[in-house]
Every structure is written in C-alpha cells, then in structure tokens.
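Here are a few short exercises to work through with the model open in your viewer. Try each task before you read its solution.

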Amino acid sequence: GLTDEQLDLIYTREDRTEEGPFTVRRLIHRITTHHCDHLRHLLKARQGLGKPRGEVSRALAEMQAARAEVIASLVGLEDEDLDREWAPGEFTVRKILLHMVEMEQMRLAHIRQALASPVS
C-alpha cells in the first residue's frame with residue numbers, strides 16, 4: 001500500500017544510533033544495500049566452505065529477479081490499463097505479457113527437450 005507520495009515521510013530514531021532522520025525512501029534504500037552487502041558475505045562464506053554458488057543458481061536468481069521487476073512494473077495498473085494503447089504501433093501491456101509468457105513456455109520446453117536428449 002505504499003505510494004510514491006509517502007516516500008518522503010520521515011522516521012526519526014529516538015536512540016540516535018544511526019544518522020537520521022530517515023525518509024521512507026532512504027529506509028527502503030538502506031534495506032536494499034544491506035541485503036547486497038550481506039549477499040557478498042554469504043557468497044564469500046560459500047567460497048570458504050568449498051561450496052561456491054554455481055552458474056545454474058546464479059542464472060536462476062537473475063531470472064527470478066527479472067520476474068520480480070516485471071511483477072513490480074504491473075503494480076497499480078488496472079485491468080483496463082492492460083489493453084489500453086499507450087503509444088501508436090506499440091503492443092499493449094497485455095500483449096507484452098502474453099508474448100513474455102509464450103516465449104518463456106517455449107524456452108522451458110526447449111530446456112526440457114535438451115535435458116531429455118542423450119548427451120553428445
């Protein structure tokens with residue numbers, strides 16, 4: 001339920017252990033950077049354990065992150081927005097989404113086919 005207008009709302013810590021005041025925007029940014037910092041620690045820990053993250057998990061994480069961005073881009077759109085022309089000659093949002101789903105299904109079928117084939 002957060003709106004763009006609410007990003008400038010202020011939160012001030014009473015204990016003053018961190019610099020402040022914080023806007024909601026800044027708090028969200030701090031969560032994101034904190035996750036990124038600790039992701040680096042987790043990846044380093046995996047290396048130290050002799051179990052580095054592999055290419056498959058990286059690629060799947062990138063795919064999930066892209067899907068999350070797609071979903072986030074749809075937040076706030078009404079059903080009628082999906083079919084509204086937004087620029088001459090461009091696909092509607094619904095057509096873009098249907099195309100994305102169609103291509104994903106096709107690529108996943110290709111992956112399944114490759115996995116079922118004998119290794120050459």
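**Exercise 1. Work out the order of helices and strands along the protein chain.**

Solution. This is a predicted model. Walk along the sequence and you get the pattern β-β-α-α-α. Tally the elements and the protein chain comes out with 3 helices and 2 strands. Now for the overall spread: the radius of gyration is 21 Å, while the globule rule gives 14 Å for 120 residues, so the protein chain is more spread out than a compact globule.

**Exercise 2. Describe the extent of the protein chain, its burial and its contacts, step by step.**

Solution. Start with the C-alpha trace, which spans about 65 × 55 × 20 Å along its principal axes. Next, burial: take under 20% relative accessible area as the cut-off, and 6% of the 120 residues count as buried. Then look at contacts with a separation of 6 or more; 9% of these come from residues 24 or more positions apart. Finish with the surface, where the protein chain exposes about 10500 Å², 59% of it supplied by carbon and sulfur atoms.

**Exercise 3. Check the end-to-end spans of helices H1 and H2 against 1.5 Å a residue.**

Solution. Take H1 first, residues 24–48. Its 25 residues should span 36 Å, and the end C-alpha atoms are indeed 36 Å apart, so the two values agree. Now do H2, residues 55–74: with 20 residues, 28 Å is expected, and the helix reaches 29 Å from its first C-alpha to its last, which is close. Then step past the end of each helix. Just after H1 sits Gly50, with a positive phi of about 75°. H2 is followed by Gly76, and there phi is positive too, near 95°.

**Exercise 4. Place Arg25: which element holds it, and is it buried, partly exposed or exposed?**

Solution. Arg25 belongs to helix H1. For exposure, the partly exposed class lies between 20% and 50% relative accessible area. With 39% relative accessibility, Arg25 therefore counts as partly exposed. For its neighbours, skip residues up to four places away in sequence; Arg25 then touches Leu7 and Asp8. As a distance check, try Ala114: Arg25 and Ala114 are 89 residues apart in sequence and 45 Å apart in space, C-alpha to C-alpha.

**Exercise 5. Count the charged side chains and find how far apart the centres of the two sets lie.**

Solution. Count the positive side chains and you reach 17; the negative ones come to 20. Take the centre of each set, and the two centres lie 11 Å apart.

Technical notes
Residues numbered from 1 in each chain as written. Predicted model: local features only at pLDDT ≥ 70, side-chain atom pairs only at ≥ 80, totals over all residues. Heavy atoms only, no water. Helix = DSSP H or I, 4+ residues; strand = E, 2+ residues; numbered from the N terminus. Rg over C-alpha atoms; globule rule 2.2 N^0.38 Å. Buried < 20%, exposed > 50% of the residue type's maximum accessible area, 1.4 Å probe, protein only. Contact = heavy atoms within 4.5 Å. Areas by Shrake-Rupley, 256 points an atom, 1.4 Å probe, with all protein chains shown as cover. Lys, Arg positive; Asp, Glu negative; His and termini not counted. Charge placed at Lys NZ, Arg CZ, Asp CG, Glu CD. Expected span 1.5 Å × (residues − 1).
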